[in-house]
Amino acid sequence: MSEFRRDPLKGTWVITENQRVRQPREFFIDRERVAMKVCPFCPGQEYKTPQEVFALRPDNTAANSPGWQVRVVPNKFPVLRIEGELNKQTAGLNQSMRGIGAHEVIIETADHQRSLAQLDISETTSVMQAYRARLLDLRQDSRFRYLQIFKNHGVEAGAPLPHSHSQLMAVPITPPVIRNELISCREHFHNTGNCLICDLLAQEIADG
Ligand SMILES: [Zn+2]
Ligand SMILES: [Zn+2]
């Protein structure tokens, strides 16, 4: 099982893998292991992924069967495991905790050929609904401090499969960049009583 270890000098956490050395590309989906003739994200291939955790599909279709518009499944080759306690440990200056987290794949369309940019408004809305549903669900898990959705577009950019998808990670630490953003928001609130994000948005709109 992987582990989070804190770098006491930088004050940052890194993920380490105990069992074997992973290639950087394996951090998301192992390209060789999924290099197959039939795309596992296409309808009819649902059994090739872990069981879905969310799907937008008609009521008369069964989970893990075709008919879905958007489908969310755990990553088949996760770096982080969803089960277990964090088990935070301190040894001198070193802190560590188990590699607990969520790592999911949002399959944005049943159509193997189309990219997110080629979806129509209602299809794009469905993708956003799936994002929202997964974020609302995972934020109830008190082990997690940060949820992130990201997307690698195109195999060249590191997307392991051409079928349009995004990924979600939930981690038990707050990344330093996000921590700084939160500090700025808190300072602004103390000084003005306003939400910094709302004020930034209002200024952008006012500036045209
Ligand atoms: Zn496909
Ligand atoms: Zn706000």
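This report describes a predicted model of a protein chain, going from its overall make-up to its cores, its salt bridges and its zinc site.

## Overall make-up and confidence

The chain has 208 residues, of which 36% count as buried, and its secondary structure comes to four helices and nine strands. Read along the sequence, these elements follow the pattern β-β-α-β-β-β-β-β-α-β-β-α-α. When contacts between residues at least 6 apart in sequence are considered, 58% of them join residues at least 24 apart. The surface that the chain exposes amounts to about 12700 Å², and carbon and sulfur atoms supply 53% of that area.

As this is a predicted model, the confidence values deserve attention: the mean pLDDT of the chain is 87, and 88% of the residues reach 70 or more. Over residues 23-27, however, the pLDDT is below 50, and this stretch has nine contacts in the model beyond near neighbours in sequence. Residues 29-35 also have a pLDDT below 50, and that stretch has 17 contacts beyond near neighbours in sequence.

## Nonpolar cores

The largest nonpolar core contains 26 residues, and Phe4 and Ile106 are the ones that touch the most other members. Strand 4, strand 7, helix 2, strand 8 and strand 9 are the elements that give two or more residues to this core. There is also a second, separate core of eight residues, which includes Phe41, Cys42, Trp68 and Val73.

## Salt bridges

The count of salt bridges in the model comes to 10. In one of them, arginine 71 pairs with glutamate 52, with the closest N and O atoms 2.7 Å apart. Arginine 71 lies in strand 4 (residues 70-74) and glutamate 52 lies in the loop between helix 1 (31-34) and strand 3 (54-56), so the pair ties together parts that are 19 residues apart in sequence. Arginine 71 counts as buried because its relative accessibility is 1%, and glutamate 52 counts as buried too, at 15%. Glu52 and Arg71 also belong, together with Arg57, to a network of salt bridges.

Another salt bridge brings together the side chains of lysine 151 and glutamate 108, at 3.0 Å from N to O. This pair links distant parts of the chain, 43 residues apart: lysine 151 is in the loop between strand 8 (146-150) and strand 9 (165-171), while glutamate 108 is in the loop between strand 7 (102-107) and helix 2 (121-138). Lysine 151 is partly exposed, with a relative accessible area of 29%, whereas glutamate 108 is buried, with a relative accessible area of 1%.

A salt bridge within helix 2 joins aspartate 137 and arginine 134, which are three residues apart, or about one turn of the helix. The closest N and O atoms of aspartate 137 and arginine 134 are 2.8 Å apart. Here aspartate 137 is partly exposed, with a relative accessible area of 38%, while arginine 134 counts as buried at 6% relative accessibility.

## Zinc site

The model includes a zinc ion (ligand 2), whose protein donors are the SG atoms of Cys195 and Cys198, lying 2.2 Å from the ion. Cysteine 195 counts as partly exposed, because its relative accessibility of 38% falls between the limits of 20% for buried and 50% for exposed.

Notes. Residues are numbered from 1 along each chain as its sequence is written. Chains are lettered from A and ligands numbered from 1 in the order in which they are written. This is a predicted model: local features need pLDDT of at least 70, side-chain atom pairs count only at pLDDT 80 or more; totals for chains, interfaces and linings use all residues. Side-chain values use heavy atoms; hydrogens and water are left out. A salt bridge is a side-chain nitrogen of Lys or Arg within 4 Å of a carboxyl oxygen of Asp or Glu. Buried means under 20% relative accessible area, exposed over 50%, partly exposed in between (1.4 Å probe, protein chains only). pLDDT is the predictor's confidence in each residue, from 0 to 100. Contact means heavy atoms within 4.5 Å. Donors are N, O and S atoms within 2.8 Å of the metal (3.2 Å for Na, K and Ca); water is not among the atoms, so sites may look incomplete. A nonpolar core is a set of buried Ala, Val, Leu, Ile, Met, Phe, Trp, Tyr and Cys residues joined through side-chain atoms within 4.5 Å. Accessible areas come from the Shrake-Rupley method with a 1.4 Å probe; for residues, only the protein chains shown count as cover.
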